[in-house]
Amino acid sequence: MYMVCQKCRQQLPLPPHSKLFRCACGNMIPLGNSERSLPIQEHGRFSSKMRRFRDKFRKNSSRENSRSPSPSVSPRLSLIFTKPAPSGKRALLCGVTYKKEKFRLRGTLHDVHSMSDLLVRKFNFTNDSILILAEEEAFKPPTRRNILQAFKWLMEDLKSGDSLVFYFSGHGLRQPDFCEDELDGFDETICPLDFRTNGMISDNDINDILVKPLLPGVTLHAIVDACHSGTVLDLPWVYKENRWVDNRPPSGANKGTRGGMVFGFSACRDNQLAADTSAFSAEKTMMGAMTYTFIKAIWEIPDITYQGLLDNMHKAIENVNEARCPLLKIFQRKIDQEPVLSSSEKFNTNIRFKL
């Protein structure tokens, strides 16, 4: 369904679950009381069991935003991690399985261990420089509070030359934007283990905590394997069709750093789902499609560039879709996701990828 902007006469797709839409020309278009549902697929990292939670958050998000302060890294919160943040390289890896829920994921723990192995063996991170939150006895659980505390650990005492990594494997959702800083009218979120009771972590929060404080000479690579994660860091620039596209908010809010550099790799576009799948494994091991293709490309091509990494991820997903048996395609669902690269600044994507 489409609508026409009365100011610039541009034909625009009608957005779901929105009462007001901002055209690229700046014109605000009232849409009335829309209760249309987003099309939902029955697979991926947004299972059908989560529909009611998505709808619940959309109905209550306005009331919650008015009564709940934005999460912060306030010193009033006692630091629950006794491990000091090392200088140089450090990484925060979060894998949320949702073990006790009907919408549990089976590949996230495998994803976290694979990413940790990549950082240690390929990029010379030490075990002490990696903080893991996962639903496994050896680690602290990835609750909302623990993730926010871990953000503080990651950002502690930054110095020029520090290289940071934030990795998240779990569910992602969208909710209406009430700050007028989203081009599509939605905030993207990640879902901690306890998101049903303690809330999600929005793209605004992630940008405030991980992006804005970055000093000159500090680099952050954020890798998010979740549904609706295309702009989950709210970075000003998104790489589409081999060119940089302006993603700065209509409100004019600053979403950049204090001089540092952020590179974001996301599993899919904001309106897409990310797959938890066994399609890449002969042993039928469940894993995130984005995580698997990301790690595989880096291991196979030693001096891979950012452009090469993005292209290889797209190609690997295309190949596994084409390899489906024609007679069984009705049972072998297509992986319908396009990995996204975003950044705090435009850069030459043909430079070598490094952490």
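Is Glu 338 buried, exposed or partly exposed? Keep that one in mind while you load the structure, which is a predicted model; the tour gets to Glu 338 at its third salt bridge.

**Stop 1: strand β11**

Select residues 219-225, which make up strand β11. Six of the seven residues here are buried, so the strand is mostly covered, given that buried means under 20% relative accessible area.

Now add residues 163-169 to the selection: that's strand β7, which runs parallel to β11 and is joined to it by seven bridges. To see how the two line up, pick Val 165 and look across to His 221 in β11, which stands opposite.

Next, bring in residues 261-266, strand β14. This one also pairs with β11 in the parallel sense, over six bridges. A handy marker here is Val 224, with Ser 266 of β14 standing opposite.

**Stop 2: a pair within one helix**

Time to switch to side chains. Side chains of opposite charge can pair when their charged atoms come close. A search of the whole structure turns up eleven salt bridges, and we'll visit some of them.

Jump to helix α2, residues 108-123, and show Asp 117 and Arg 121 as sticks. They sit four residues apart, about one turn of the helix, and their side chains meet in a salt bridge at 2.9 Å, N to O. Which of the two counts as exposed? That's Arg 121, at 55% relative accessibility. Asp 117 is partly exposed, with a relative accessible area of 31%.

**Stop 3: Asp 246 and Arg 248**

Select Asp 246 and Arg 248 and put a distance label on them: the closest N and O atoms of this salt bridge are 2.7 Å apart. Asp 246 is partly exposed at 34% relative accessibility, and Arg 248 is partly exposed too, with a relative accessible area of 46%.

**Stop 4: back to Glu 338**

Here's the residue from the opening. Show Glu 338 with Arg 269: their side chains form a salt bridge, 3.0 Å from N to O. This pair links distant parts of the chain, 69 residues apart. Glu 338 lies in the loop between α7 (306-322) and β17 (340-343), while Arg 269 is in the loop between β14 and β15 (276-277). As for the answer, Glu 338 counts as partly exposed, at 28% relative accessibility. Arg 269 is partly exposed as well, at 39%.

**Last stop: a network**

Finally, select Asp 181, Asp 234 and Lys 255 together. Salt bridges with shared partners join these three into one network.

Key:
Residues are numbered from 1 along each chain as its sequence is written. This is a predicted model: local features need pLDDT of at least 70, side-chain atom pairs count only at pLDDT 80 or more; totals for chains, interfaces and linings use all residues. Side-chain values use heavy atoms; hydrogens and water are left out. Buried means under 20% relative accessible area, exposed over 50%, partly exposed in between (1.4 Å probe, protein chains only). Two strands pair if DSSP finds at least two bridges between them. A salt bridge is a side-chain nitrogen of Lys or Arg within 4 Å of a carboxyl oxygen of Asp or Glu.
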